[in-house]
Amino acid sequence: MTSAGSDQGFPFIRYEAGQQPRDWGHAHGAAHAEGIQELAAIRRDLMQNANPSLVGDTVTGLAKRQWEITRSWSPRLAEEIEGISEGANVPIEDLVILNNYTDFRDINPSEHPGPAEEKGCSTLFLDNGKQSLAGQTWDMHGTAKKYVCVIEVPAGDEGAPLLLFSLVGCVGLMGFNGEGRMVGVNNLNTVKARPGVLWPVLVRETLLRHDRDAMEHLLREAPVTSGHNYLVADAKGATHWEISPTVRAAAGSAGGKPGFAFHTNHCLTPPGKEAEMPASLNSTTHVRYGLLEKKLRADLDYEGVYRLLTDHEGYPKSICSHFQSAAKDPSYTCGGALAEMRSGQIRMWRGCPALDENYVEREYTLKNGGFTVGPVKTGIRPDRAGEVTRG
């Protein structure tokens with residue numbers, strides 16, 4: 001399911017070295033103004049459908065508070081968002097919703113949270129003894145697929161270059177840095193949501209840290225709005241962290257020997273389970289978790305893990321998910337990313353290689369502290385055609 005809006009074509013947005021964050025944002029916003037305007041409107045509507053209390057002055061006040069916290073916590077990324085706002089002619093309030101949508105919609109001013117719209121994603125790390133593989137699907141409302149993009153941020157005073165899987169108008173959903181580390185994300189619906197830093201800003205800031213310990217420390221200390229599981233990985237290993245306003249808990253690690261760790265959209269730790277909203281559990285999370293538990297093996301290689309992340313067993317409630325029965329029940333895989341953390345081979349894709357005529361797949365390589373762009377594939381992959389039987 002996709003929107004009738006403009007297909008952005010899975011653009012590769014490359015920020016120019018030597019420019020300021022506001023310049024980066026302005027160029028990003030101006031180049032994709034139509035798409036950003038459309039996506040901002042879509043996400044406002046979805047948020048208000050999921051949480052009808054978020055209207056009018058309530059939205060404005062909560063967006064303003066989230067923006068104030070974010071601007072104080074990360075001034076440079078706030079400048080980038082201001083540049084996007086200016087370039088796309090979209091108010092900051094709407095960009096707060098676009099970037100922090102899944103967290104924002106969890107906030108309930110009456111402090112009696114009701115069911116929230118779902119969002120999926122499956123994250124994993126696998127050490128097969130020769131390769132360290134980290135990746136995820138990106139599952140959300142299907143209207144988002146046309147707005148998926150990749151952003152490259154050059155190295156600067158604050159850190160290494162970044163390669164980000166994102167949406168136009170958003171500063172980053174997950175990604176990799178030029179020093180060989182990765183942050184992946186799964187949504188969690190948790191209680192006690194509150195105004196806090198925009199979570200894509202947290203992803204970006206985490207990727208600027210120079211080792212896994214510093215990355216994990218930042219995640220544990222950040223003033224978050226609502227719940228996510230964060231996968232923090234490098235060539236040596238990875239840890240999943242369940243992070244919410246009330247929880248900071250490690251939810252599984254792997255690395256150093258053959259093995260793996262994975263996560264979907266339900267909490268695995270005791271503190272996380274206590275903070276979860278049962279009424280809002282993603283309807284496919286246990287199905288996808290069971291499929292990963294069944295199919296993930298310590299001897300899978302890069303292509304094997306890619307095929308797993310795009311697997312259709314159990315369709316439509318598959319790891320590459322196509323389940324979207326209603327606006328409040330989406331788990332639609334809009335794309336994904338995978339890296340071999342030792343060699344620096346990275347693949348990002350938009351859509352489904354077995355079902356989407358507009359599927360796009362790009363290869364990147366991390367080498368000498370920078371990213372090079374490799375082959376691009378489009379359309380249904382010939383080796384995947386016909387693998388899904390739709391009833």
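Me: Hi! Starting with Cys320: buried or exposed?
Reply: Happy to help! Cys320 is buried, its relative accessible area being 1%. Bear in mind that this is a predicted model.

Me: Which cysteine sulfur is nearest to the one in Cys320, and how far away?
Reply: That would be the sulfur of Cys352, at 3.9 Å. Cys320 takes part in no disulfide, and Cys352 is in none either.

Me: Why don't those two count as a disulfide?
Reply: Because the sulfur atoms would have to be within 2.5 Å, and these sit 3.9 Å apart.

Me: How many disulfides does the structure hold, then?
Reply: The count is 0.

Me: And Cys352, buried or exposed?
Reply: Cys352 is buried, with a relative accessible area of 0%.

Me: Switching topic to His240. Where is it found?
Reply: His240 lies in strand β9, which covers residues 238–243. This histidine is buried, at 1% relative accessible area.

Me: What does the His240 side chain make a polar contact with?
Reply: One partner is the side chain of Asn229, at 3.1 Å. The His240 side chain also reaches a backbone atom, the oxygen of Ala261, at 3.4 Å.

Me: Nice. Which residues does His240 touch, leaving out those up to four places away in sequence?
Reply: Asn229 and Ala261 show up again here. The list also has Thr123 and Leu124, then Tyr230 and Leu231. Further along the chain come Ala249, Ala250, Ala251 and Gly252, plus Phe262 and His263.

Methods
Residues numbered from 1 in each chain as written. Predicted model: local features only at pLDDT ≥ 70, side-chain atom pairs only at ≥ 80, totals over all residues. Heavy atoms only, no water. Helix = DSSP H or I, 4+ residues; strand = E, 2+ residues; numbered from the N terminus. Buried < 20%, exposed > 50% of the residue type's maximum accessible area, 1.4 Å probe, protein only. Polar contact = N/O pair within 3.5 Å; in protein donor to acceptor, adjacent residues only side chain to side chain. Contact = heavy atoms within 4.5 Å.
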